[in-house]
Amino acid sequence: MTKPAAVPKNPKPKVAFYWCASCGGCEETVLDLDERVLDVVAAVDIVFWPVALDFKRHDVEALPDGSILAAFVNGAVRTTEQEEMAHLLRKKAKVLVALGSCAQLGGIAGLANLSSREGILQSSYCESPSTVNAEKVFPQTLYKENGYSVSLPGLFETVCSLDQVVDVDYYLPGCPPTPKLLWDAVHVLLGGELPPKGTVLAPDRALCEECPRKDTRPEKLTLKEFKRPQDAVIDEATCVLAQGVVCLGPATRSGCEALCPQGNMPCTGCFGPTSRVRDYGAKALSAISSIIDSNDPEEIEKIVHTVPDPVGTFYRYSLPASLLRRKKIDEALKTK
Amino acid sequence: MDARNGDLRIGVYVCHCGTNIAATVDVKAVAEYAAALPGVVVSREYKYMCSDPGQELIRQDIVELKLNRIVVASCSPLLHEETFRGAVAKGGLNPFCFQMVNIREHDSWVHQDRQRATEKAIALVRAAIRRVALHKPLEKKRVPIHPDVLIVGGGIAGIHAALTLANAGKHVYLVEREPTIGGNMAKFDKTFPTLDCAACILTPKMTAVKKHPNITLWTLSEVTEVQGYVGNFEIAVTRKPRYINEDLCVGCLECIEACVYKQAKVPDEFNLGLGKRRPIYISFPQAVPQIPVIDPETCIDFKTGRCKKTCIEACGDRHAVDLKQQPKQETIKVGAIILATGYQTFDARKVPDYGYGVYPNVYTAPEVERLINASGPTGGEVILRDGRKPQSIGIIHCVGSRDENTNKWCSRVCCMYSLKLAHLLKERTGAEVYNFYIDMRAAGKAYEEFYHKLLEEGVHMIRGRVAEVTDWAVTPEEEGKLVMRAEDTLISFVRRVPVDMVVLSVGLVPHEDAKDVRRLFNISCSSEGWFLERHPKLAPVNTFTDGIFIAGACQAPKDIPDAVGQAGSAAAEAMVLIDTGYVEMEPNTAYILEEECSGCKTCIPLCPYSAITFLADKKIAHINEVLCKGCGTCVAACPSGSIKQNLFEDEEIFEEIRGVLANA
Amino acid sequence: MSNPESLVAIQNSFEPKIVAFFCNWCTYLAADLAGTSRIKYAPNIRVIRTMCSGRVDPQFVLEAFARGADGVLIGGCHPGDCHYQEGNYKTLRRVRMLRRVLREMGIEDERFRLEWISASEAERLKVAVNDMVEKIRALGPLRLEIKAEHFPEEVAA
């Protein structure tokens, strides 16, 4: 008989956090766990977390493949470095979680897909009013001087959501996700009973479900004009959409406990669509324009134009994941 | 079971439709292509899929090959979807595990390039195969049918349909907007080709309507609202005030004689303005109901409030005259509707060359009908507006018919009624009668014979369209006459025919408000404005709206025998519907996914049938399946994808989109 | 850039693929009538039947473009004539908003059309289809701006 394998000295599961193209808000979510972060640390080993801990890339590379229980990656993918890190963490982690809107859907950063890379560089390094760049110096991926070389990551043509670059197991929506959702997700992952791959770890009903203003929406709401929050004095108790302000709660997954309406602002859709919707913006657009209160083509056109930026409004967080601006070509299309 | 499931066993059937499809689409190639697609167990082509052997093929394959999905590529589903669903059901499969592909109307009949038509057929078949994989078994819901019938229009078609149904024991509401039923036929003197008197054959039927216990007759009434669906319509009727209480009036007509207007001064609508009537009047002696009507536009009491009200006096203790009568709303429930709203005649002013409205002695045919009618304004004597009796009369055919500038269609009745008028005018006046025609169209029982009879009577027939009618005389014989200038195309000679009277044989056109009626009842019109039948040959009285039938000239110009025939047919169709007792509803209704609905209420204002309500307890939306008509508008709008539509699920349509584009 | 001659050649050989969503009561019937009347039109459309144009989810339009359609045509009943009373108005509202989104995504107006075609207007159907095919042929195939398949290597200096 052979001896049973030695019990590892440190049986705590390993967890990694990483950020790609993001604002850092998702990192805040982890910090916003407050003292519960200590419970997390007690339960897991954090092996990589650039924003807080001094582990390096080579530390991760040194780990055996699949040795990390879960890697939480936030942010969209725009640079070669982000792509490399996504692949690295995918290789090292059993479970890869896309954390937040940018990783899930492309996020705010994904609106860059309305412009070309060249256009963005021109605008950022030459044309913006606060820029003085007479020599037209642009960032270089490789710069050599005196025998030394400095490199920068390359910038891809478009912004991608995480799953357009690597295989993703779970999604944690939100801009940023709430600490509660993160906490629940950690519990689910540690609990061992994993939900089906691809699950979005948030309720699958739309936000109205948990909005405290739900009851105040009239049954037959139609609108002659859409307003932006800055152009309206929003009553604190009444359904925001009923006040003419475009609120995307009806189209957006719940789970945030209606934080924005509770803060007297409309939902802008950061939790993305429910599982039954293929293109968030199209559905949100359909619902909002269906309740336009006119049958007259000219008046409809006028009302439609009270939404000054339809793509920015309906695809604020999901442009890279949209049907027309998506990169991921799914299986059905490949096997055409 | 769905596409990703290994159980899928699809049978594909591509129809040749004789050469209708096969001449333009390579059906063999389509069938072979389909055979190679995932899930397809058998793919066949067959001469006529809708034939018994074709249907049997499907049934047999379902049984023997254990098929669980069927695709038939043939004609429009509007023609044969039910046929094939039946065949699928015979094989023991749910009839909704079936998808039909339209490769005839949408492909072989509209394209010429065989290769591209075949490509299109392949794309459509591929889409159907991908779609049908997702089809779910569905059940048709049965809804009971209300046994009553609404008939709109009390002309000969409406009357005949009403009597047919009433005699069969059905309760009929006959709604007519004029003060009397009888329609256009009541204004005719004689009818072609038998020359029997219109009133003699019509008025007994009118009286029968009034007396029939199964008919509720509402004249001066209009349908103002139509709700519901086949078998269960809810109709609002507005009954305009007659100012005579129909229940109290005995029809003695003494009030008319007693009117303070001793002379009739108001142009009489029934006589097309050729005669005069009083403000209180009856349209014509045999009007049904036999009850006078007061015209508030001309009655002194309505205008000034200071009339002696001699009509009330005359009515005495019957108290039938009621000047305070108000419009009345009636709401009725019916299972079927027959529209028999008829036609109007072409406005002859639209052909200014013929001088109608300019020369007093240019008449329209309907006016002449009244002139020669014994109960008409002249007691049947043909007297011109200047008091003369015409010595010569010209009749112009096809005014507002067969004319690129007005209406392209043939009005079908004008040739015959022109001949009839020629005969009657000659008989009454002894005048020389000239008929100017383009072609003689006398297709009908005894019609051609009637034409020959007229030729023997010495009526002049001149083949040629009249260019103009003028009073500009160039010879002494033409002085004081109307001169008709036309090329006699049989002798290639331009003729000038001076006459005393010109009769314009105006064509039949849809009612001015036919479009409003159509919208009210939610049926379609042809581009000319005639009500559109479901199929020009095989469903000529059905419309695309189940439970609504059409009869008479509202569908297209037709003569009395055809109108009556169609009315009987519409009555029979309504009876079939009612006697079946129930109607099966297409199961394409929408439903809410209760676990998923967030209760956002976006869908609620979008439903025109108020089928969506908000459940106060669960705080989610609910769709009443009976009220839902399956348009799918709410499904497209639901922002969280929580409404589904049977037969038109998102996934099914997505598969169709991918299917048609798979080779894109 | 390609020279004008080769562009013309591409346009001549290019057959636009158009996905058409026709409502069951008007435009689908018009297409049936075109068939029974043997009216010939360009074979570039692939008709998908919905009960009402109001069923056409904007997602369907995007899916069609994403899957390679060069154009999308929605056919419904004329205003006031909708079989379901007002479904076509809802279509109109969505189409007007969607058009603005499509424009921003680089899809020309000619590629996305809403036509009111009644059951009797087979001729109008023919004209609409032929016109759309010609206009899209002139535009060339739809090329979505996003280059999907591969990441370009790096930023050019």
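Mentor: A residue counts as buried when its relative accessible area is under 20%. Keep that cut-off in mind as we look at this structure, which is a predicted model.

Trainee: Which residues of α17(B) are buried?

Mentor: In α17(B) they are B:Asp650, B:Glu652, B:Ile653, B:Phe654, B:Glu655, B:Glu656, B:Ile657, B:Arg658, B:Gly659, B:Val660 and B:Leu661. Eleven of the twelve residues are buried, so the helix is largely enclosed by the rest of the structure.

Trainee: What covers the buried residues of α17(B)?

Mentor: Two chains take part. From chain B the cover includes β4 (98-102), α5 (114-132) and α16 (633-637), and from chain C it includes β1 (18-23), β2 (45-50) and α3 (58-66).

Trainee: How do you know what span is expected for helix α17 of chain B?

Mentor: The expected span is 1.5 Å times one less than the number of residues. For the twelve residues of this helix, 650-661, that gives an expected 16 Å, and the 17 Å from first C-alpha to last is close to it.

Trainee: Why is A:Gln82 called buried?

Mentor: Buried requires under 20% relative accessible area. A:Gln82 has 10% relative accessibility, so it counts as buried. This residue sits in helix α4 (residues 80-92) of chain A. Leaving aside residues up to four places away in sequence, A:Gln82 touches A:Cys20, A:Ala21, A:Ala76 and A:Val77.

Trainee: Let's turn to chain C. What is the order of its elements from the N terminus on?

Mentor: They run α-β-α-β-α-β-α-β-α, which comes to five helices and four strands. Of the 157 residues in chain C, 66% are buried. Among contacts in chain C with a separation of 6 or more, 78% join residues 24 or more positions apart.

Trainee: How many residues does the contact between chain C and chain B take from each chain?

Mentor: It takes 52 residues from chain C and 51 residues from chain B. The area buried between these two chains is about 4500 Å², with carbon and sulfur atoms giving 59% of it. C:Arg46, C:Arg55 and C:Tyr84 supply 15% of the area that chain C buries against chain B, more than any other three residues.

Trainee: What makes the pair C:Arg49 and B:Glu81 a salt bridge?

Mentor: The rule asks for a side-chain nitrogen of Lys or Arg within 4 Å of a carboxyl oxygen of Asp or Glu. The side chains of C:Arg49 and B:Glu81 meet at 3.2 Å, N to O, so the pair fits the rule. Between chain C and chain B the count is six salt bridges, and 23 residue pairs are in polar contact. On the side of chain C that touches chain B, the elements giving two or more residues are β1, α2 (27-36), β2, α3 and α4 of chain C. With seven residues, α2(C) gives the most to that side.

Trainee: And how do you know that C:Asp57 forms a salt bridge with A:Lys283?

Mentor: Their closest N and O atoms are 2.9 Å apart. The limit is 4 Å, so this pair qualifies too. The rule finds two salt bridges across the interface of chain C and chain A, and the polar contacts there come to 16 residue pairs. α3 and α4 (87-104) of chain C are the elements that give two or more residues to the side of chain C touching chain A. The largest share of that side, twelve residues, comes from α4(C).

Trainee: What area do chain C and chain A bury between them?

Mentor: About 4000 Å², 63% of it on carbon and sulfur atoms.

Methods: Residues are numbered from 1 along each chain as its sequence is written. Chains are lettered from A and ligands numbered from 1 in the order in which they are written. This is a predicted model: local features need pLDDT of at least 70, side-chain atom pairs count only at pLDDT 80 or more; totals for chains, interfaces and linings use all residues. Side-chain values use heavy atoms; hydrogens and water are left out. Buried means under 20% relative accessible area, exposed over 50%, partly exposed in between (1.4 Å probe, protein chains only). Contact means heavy atoms within 4.5 Å. Buried area is the accessible area (1.4 Å probe) that two parts lose on being put together, summed over both. A polar contact is a pair of N or O atoms within 3.5 Å; within protein, one must be able to donate a hydrogen and the other to accept it, and residues adjacent in sequence count only if both atoms are side-chain atoms.
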